[in-house]
Amino acid sequence: MAHTQDEVLAGLAELVKEETGIATESVQLDKSFTDDLDIDSISMMTIVVDAEEKFGVKIPDDQVQNLVTVKDAVDFIVGAQSE
Amino acid sequence: MTQLNVKPTRAGSRILALGAARGDVDVVNDELVGPIDSSDEWIRQRTGIVSRKRASKELTIRDLSVTAGREAIEKAGIEPGQLGAVIISTISNPVQTPSLASIVGEDLGAHLVPAFDISAACAGYAYGIAQADALIRSGTAEYVLVIGAEKLSEVIDPTDRSISFLLGDGAGAAVLGASDEPGVSESVWGSDGSKWDTIHMTNTLYDMRDAGAPWPTLRQEGPAVFRWAVWEMAKVAREVLERAGVEPGDLAAFVPHQANMRIIDEFAKQLGLPDSVVVARDIETTGNTSAASIPLATHKLLEEHPEISGGLALQIGFGAGLVYGAQVVRLP
C-alpha cells in the first residue's frame, strides 16, 4: 500500500535519526540535507538505501544528487511508489 | 592417438607467509587540506584516515614489491627458484611493458620463472590469490608469489576532493603453496564494465600526447562507489561464505579492501559479524593502497593479533572496473 506524504516524512525522519542521531522533529520538508542538517554524502547514501528498503522504491545513484531538501526526497519516494 | 601428458591436480593451496612494505613517509591530513579547502576533521569524519603512508621519490614501486616479496619468500621457507609463478597486481607501474612482475621476480632471484602483471585495481590481490590457487591446484605450480603493489601518490591531484587524499603507497605479498587441506576457498569474482566511469583516470596517454592533457590522475564518484562497495559487495561476501561452507562465526578476521573506514564499518554492520571476528582497519594510518591494501592489512592484523594465525579470514577486494574478488583463506 502506498504511503502518504506525512508517512514518508515520518519514516524518513526515523531513518535520518538512526544514521545521524538528528532529532526527528528537525527533519522538516524545507530543510536541506547538506546545509541545514549537515548530512554528508556517505550518510545520505546510507539513508537512501534504507529508504529504498523501507518504502519499497528504487532511488538511482544519479537521482540522489537531486534530493537537496527533505521535500525533494519525500516527493521522489511518494512518486516512485505510484510507478 | 597420442595422449598428452598433464600434471596431476592437487586438493588445495594455502597462504604460507605474507610480506609487507609501506611508504616511508607519514603524510598527515593537515598536509593535504589546503588545496581541497578542507580540514583534518573533515577527512577523519568522512574516511577514518589520520595519516597515510607515501613513498619518497627515490622509493619505487619496484623497491616496495621486492621488500614485500622477499619477506614472504623468506618466511615461507622456500627458495625463489621454487616459485612456479610471480603475479603482481598494480595500476601504478610507470611503464606498460615490461611487466613489474618480470623485473621484481628477477630481483628476487626467480630467474626464468613465469611472471606477469594483472590490472584489477583494488580487487587485484584477490584476483591474484584466485589465480595462484588455480595454478597450484591444477598442478601447474607448486608455489606462487602474489604481490599487490601501488605507488598511488604518483597518480593523484592535490586539488581533487574525490579520492586523492585517501591514497597511499605500499606493497603486500603472499607466498602460496600446495596443501592437502584447502586453505583458499572457491573465489567469487567478477566485473561490471557498465560502471567503468565510477572510478577512472582523468585522461589517456593519447590525450597527453595529442592534446597536451595533464598527467592522468584518479577520480571516483564517491557516493555511488560507497553504495556499491557496501550493499552489492555484502551480497558477494555472503555468497563466498556460503560457497565456502563457512558461517560468520567461524571467521577469525574480516579483511575488506581498505577503501574508506565508513565503507569498512558499514560493510561489517551489514554482514552482522560477531564481535569475535577481528576487522582490519589498517586504513587509519596507511591510507588506501588499492591492490596492496588487503595483504598489508592482513600482515598488520597478524602482528597485532597473533592468536588469529591459522584461523579463517574473509577477504574481499573491490574497485575500478568495476571489479570485485573475494575468498575465504586460512591465515598463515
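Here is a walk through a predicted model with two chains, A and B.

Let's start with chain B as a whole. Its fold is built from nine helices and 14 strands. How compact is chain B for a chain of 332 residues? Its radius of gyration comes to 19 Å, and the globule rule gives 20 Å for that length, so chain B is as compact as a globular protein with that many residues. If you draw a box around its C-alpha atoms along the principal axes, the box is roughly 65 × 50 × 40 Å. Inside, 52% of the 332 residues count as buried. The contacts also reach a long way along the chain: take those between residues at least 6 apart in sequence, and 80% of them join residues at least 24 apart.

Now pick out a sheet in chain B. Five strands make up an open sheet here, and reading across it the order is 1-7-6-4-5, with mixed pairing. At its edges sit strand 1 (12-22) and strand 5 (115-118), each of which pairs on one side only. From one strand to its neighbour the average turn is 20 degrees, ignoring direction. As background, the strands of a sheet pair through backbone hydrogen bonds, and they can do so parallel or antiparallel.

Let's follow that order from the strand 1 edge. Strand 1 of chain B runs antiparallel to strand 7 of chain B, and ten bridges join the two. For one residue-level example, look at B:Leu18, whose bridge partner in strand 7 is B:Ala174. Is strand 1 of chain B mostly covered or mostly open? Mostly covered: nine of its eleven residues are buried. Going one step further in, strand 7 (residues 169-179) meets strand 6 (residues 143-151), again antiparallel, through nine bridges. Here you can find B:Ala149 with its bridge partner B:Ala171 in strand 7.

A helix goes with this sheet too. Helix 3 of chain B, residues 100-108, lies across strand 4 (83-89), strand 5 and strand 6. Against strand 4 of chain B, helix 3 runs at about 130 degrees.

Next, zoom in on a single residue elsewhere in chain B. B:Ala259 sits in the loop between strand 11 (251-256) and helix 7. Is B:Ala259 buried or exposed, loop residue though it is? The model has 27 C-beta neighbours inside 10 Å of B:Ala259, so this residue counts as buried; the cut-off for that is 20 or more. Setting aside residues up to four places away in sequence, B:Ala259 touches B:Cys122, B:Ala229 and B:Asn288. For a sense of scale, B:Leu100 is 159 residues from B:Ala259 in sequence, and their C-alpha atoms are 24 Å apart in space.

Time to meet chain A. UniProt, in an unreviewed entry, places the feature "domain: Carrier" at residues 6-81 of this chain. That stretch is 61% helix and 0% strand, and the C-alpha atoms at its two ends are 14 Å apart. In helix 4 (residues 70-81) of chain A you'll find A:Ile77. Because A:Ile77 has 26 C-beta neighbours inside 10 Å, it counts as buried. Beyond residues up to four places away in sequence, A:Ile77 touches A:Val8, A:Ala51, A:Phe55 and A:Val57. A:Leu15 lies 62 residues from A:Ile77 along the chain, with 14 Å between their C-alpha atoms.

So where do the two chains meet? The contact draws nine residues from chain B and nine residues from chain A. On the chain B side, helix 6 (222-244) and helix 7 (261-271) each supply at least two residues. Helix 6 of chain B gives the most, with six residues. By class, the side of chain B that touches chain A has four nonpolar, one polar and four charged residues.

One last residue ties the two chains together in this tour. A:Ser41 is in helix 2 (residues 41-55) of chain A. An unreviewed UniProt entry annotates A:Ser41 as "modified residue: O-(pantetheine 4'-phosphoryl)serine". Which residues does A:Ser41 contact, leaving aside its neighbours within four places in sequence? They are B:Gly222 and B:Pro223, across in chain B. A:Ser41 counts as partly exposed, because it has 16 C-beta neighbours inside 10 Å.

Methods
Residues numbered from 1 in each chain as written. Chains lettered and ligands numbered in written order. Predicted model: local features only at pLDDT ≥ 70, side-chain atom pairs only at ≥ 80, totals over all residues. Helix = DSSP H or I, 4+ residues; strand = E, 2+ residues; numbered from the N terminus. Rg over C-alpha atoms; globule rule 2.2 N^0.38 Å. Buried ≥ 20, exposed ≤ 12 C-beta atoms within 10 Å, placed from the backbone. Contact = placed C-beta atoms within 7 Å. Pairing = 2+ DSSP bridges. Axes fitted to C-alpha atoms, helices over the stretch in contact; angles between N-to-C directions. Nonpolar A, V, L, I, M, F, W, Y, C, P; charged D, E, K, R; others polar. UniProt positions renumbered as here; feature names shortened; annotations may be inferred.
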